[in-house]
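Visitor: I am new to this structure and should like to learn how its features are read. May we go through them together, one at a time?

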Amino acid sequence: MSLTILFGLLIVLLMLRVPVAFSLLVPSLVYLFLDPTANFGSAIQRSVAGVNTFPLLAVPLFMMLGNVANISGVTDKIYEAATALVGHVRGSLGYVNVLTSFVFAWMSGAAIADTAAMGRVQVPAMIARGYPQGFSLGITAGSSLVSPILPPSIPAVIYAVTAGVSVGGLFLAGIGPAILLVIVLSISVWISMRKREDLKVAKASPKTQAISLLKALPGFGTAVIILGGILGGIFTPTEAAGIAVTYMFILTVIYRRASLRSFGKVFRDTTVTAGSILLIVTAAALFGWILARERVPQLAAEFFLGITDNPWVFLILLNVLLLLVGSVLEPTAAILIIVPVLAPVAMAFGLDPLHVGIVIIFNLLMGLLTPPVGLVLFVLSSVTDIPVKDVVRGVSPIYLPLLATLMVLTFVPAISTFLPALFGLG
Amino acid sequence: MRRSVPLRLIFTLQRALSYVLLLTVLGLVLVQVYTRYVLNSPFTWTEEIARFAMVWFTFIAASYVMAERRHIRVIFFDSLLGSLGRNIVNWFAQVVVIGVSLVMLYGSYLASDASQISGTASGLPMSFVYYGALIGYALMVLHAVVEAIDTATGRVQPSVEQDLLSVGE
């Protein structure tokens with residue numbers, strides 16, 4: 001079957017509201033039907049084998065971690081500590097917003113859970129204090145992207161498993177870019193708020209600062225577990241996920257937020273998000289096997305090498321392509337579809353797989369903030385009761401710093417590759 | 001949404017089974033760490049059973065997502081269609097889902113039939129793993145048919161807003 005039909009069918013089905021998993025299965029099944037040499041039963045075995053891997057166990061576990069962290073009440077403690085520390089600065093709640101996301105990101109690997117938790121509390125608080133609505137929405141949306149970049153990161157686990165790179169290595173590669181994003185967002189806060197003398201609160205006493213910091217300290221436990229596990233080689237990311245989830249459950253009990261209802265919500269949310277992603281993993285495993293069988297990665301490499309032999313030009317093309325894909329497709333689903341083709345192409349250009357991984361992930365994540373299907377926008381609208389079109393208008397100024405971050409990440413590989421290389425995971 | 005008693009029962013069972021499988025995955029990962037560091041002799045089967053539990057979880061949870069009608073899809077062109085157009089597109093998507101699930105159901109049967117041998121560390125036959133897919137796809141057929149009937153009889157209007165918010169990440 002010609003490749004045009006294979007991909008054409010996929011795109012048409014996607015546009016016709018067919019769920020992503022099934023849009024991938026249709027062309028795969030048609031291919032198997034038309035190819036007499038393909039064994040149908042063993043093809044299904046390949047599809048199931050897609051989720052029969054130990055590193056991928058980290059996906060449901062890290063999703064669960066984010067969901068438990070959300071009900072644990074640890075966010076409030078982090079928020080209070082951040083306010084006590086930087087509250088006296090002009091435009092302080094902007095920095096608090098970014099800082100809270102940065103700490104929370106060690107417990108969460110997805111942007112959506114983050115947006116829901118932060119948006120519900122921080123946006124109304126900022127507006128009540130006199131911050132412009134658009135600024136409040138924009139900084140919340142921008143800082144929600146820290147979660148899926150900083151470890152633990154769901155897109156990183158999916159990317160690593162799909163592209164065959166180390167999960168731990170890609171986790172480490174995300175730390176530098178996440179810090180860069182935090183710095184860029186803080187600069188944005190400074191530029192917007194530097195003249196707002198009115199937007200600050202009285203300086204907290206050193207005692208208050210110390211107490212609130214102490215209260216927030218248990219929140220750093222997951223960072224210790226995950227980083228310690230990877231850097232010390234003590235346990236795999238999957239095992240770190242299991243331990244971190246257990247730790248966070250215990251913390252929830254200590255914070256007196258444990259209830260049958262809240263735990264039920266954790267399991268339900270995890271089942272829904274993990275179930276939808278993992279089914280796509282099985283479909284993509286079959287589709288990817290067919291692409292490999294048809295030598296699509298090699299053909300794609302030849303195609304790109306025919307356009308240019310300059311890796312930087314390739315990266316620019318990659319960025320444009322990914323921004324388009326990311327604007328219509330959910331990031332993890334997009335990774336599962338395009339990485340089997342594009343990761344080998346990037347290798348052909350001699351690019352570092354971890355660097356390319358970070359560029360691809362960051363790029364697709366930006367799609368969460370852009371219409372027409374920017375999920376973060378819709379979640380923000382739903383938790384704040386602000387109409388979607390106002391959210392879009394409020395968030396749009398944040399595209400500039402995000403694009404700047406993307407450019408730096410693209411053209412300065414060392415930000416991503418420095419840490420993995422330092423710890424021998426590059 | 002009101003559903004009949006047998007459907008509600010299946011729905012509850014799917015949810016319960018998903019939760020149990022999720023807990024199994026978590027429990028086995030912890031057991032693996034415990035046996036390696038505390039007992040100094042890791043069991044050989046924990047990793048394998050944890051993986052098998054995730055395979056089962058994948059398909060049972062996916063069928064639960066199907067029942068909740070929350071599978072990830074592209075909703076880009078929805079705003080361009082009228083309500084009739086949306087209905088037609090929805091119908092088409094539903095037929096595709098049912099057809100694919102049926103084929104995958106048959107495929108899972110072939111896969112399980114072809115792997116009766118055990119040959120695994122835990123002694124479980126590989127066919128057991130494919131039963132998860134088999135049951136999952138059977139349930140997906142069921143829920144997709146129910147949704148198709150609901151759409152046809154006008155009990156459920158495919159709504160744009162709801163879809164936008166329900167896509168999970």
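Visitor: Which side chains meet A:E239 and B:R36 in a salt bridge, and how is such a feature recognised?

Guide: A salt bridge is a side-chain nitrogen of Lys or Arg within 4 Å of a carboxyl oxygen of Asp or Glu. In this predicted model, the side chains of B:R36 and A:E239 form one, at 2.9 Å from N to O. Across the interface of chain B and chain A the rule finds two salt bridges.

Visitor: On what conventions do these values rest?

Guide: Residues are numbered from 1 along each chain as its sequence is written, while chains are lettered from A and ligands numbered from 1 in the order in which they are written. The model is predicted, so local features need pLDDT of at least 70, side-chain atom pairs count only at pLDDT 80 or more, and totals for chains, interfaces and linings use all residues; side-chain values use heavy atoms, with hydrogens and water left out.

Visitor: How far apart are the closest N and O atoms of B:E68 and A:R268?

Guide: They are 2.6 Å apart, in a salt bridge. This pair crosses between chains, from helix α2 of chain B to helix α14 (residues 260–293) of chain A; helices are DSSP runs (H or I, at least four residues), numbered from the N terminus.

Visitor: Is B:E68 buried or exposed?

Guide: Buried means under 20% relative accessible area, exposed over 50%, and partly exposed in between (1.4 Å probe, protein chains only). B:E68 counts as buried at 15%, whereas A:R268, at 30%, is partly exposed.

Visitor: How is the size of an interface expressed?

Guide: It is often given as the accessible area lost when the parts come together. Here the buried area (accessible area lost by the two parts, with a 1.4 Å probe, summed over both) is about 6,000 Å² between chain B and chain A, and carbon and sulfur atoms give 76% of it. In terms of contact (heavy atoms within 4.5 Å), 66 residues of chain B touch 65 residues of chain A.

Visitor: Which salt bridge links distant parts of chain B?

Guide: B:D150 forms a salt bridge with B:R69, the closest N and O atoms being 3.2 Å apart. B:D150 lies in helix α4 of chain B and B:R69 in the loop between α2 and α3, 81 residues apart. Both residues are buried.

Technical notes. Helix = DSSP H or I, 4+ residues; strand = E, 2+ residues; numbered from the N terminus.
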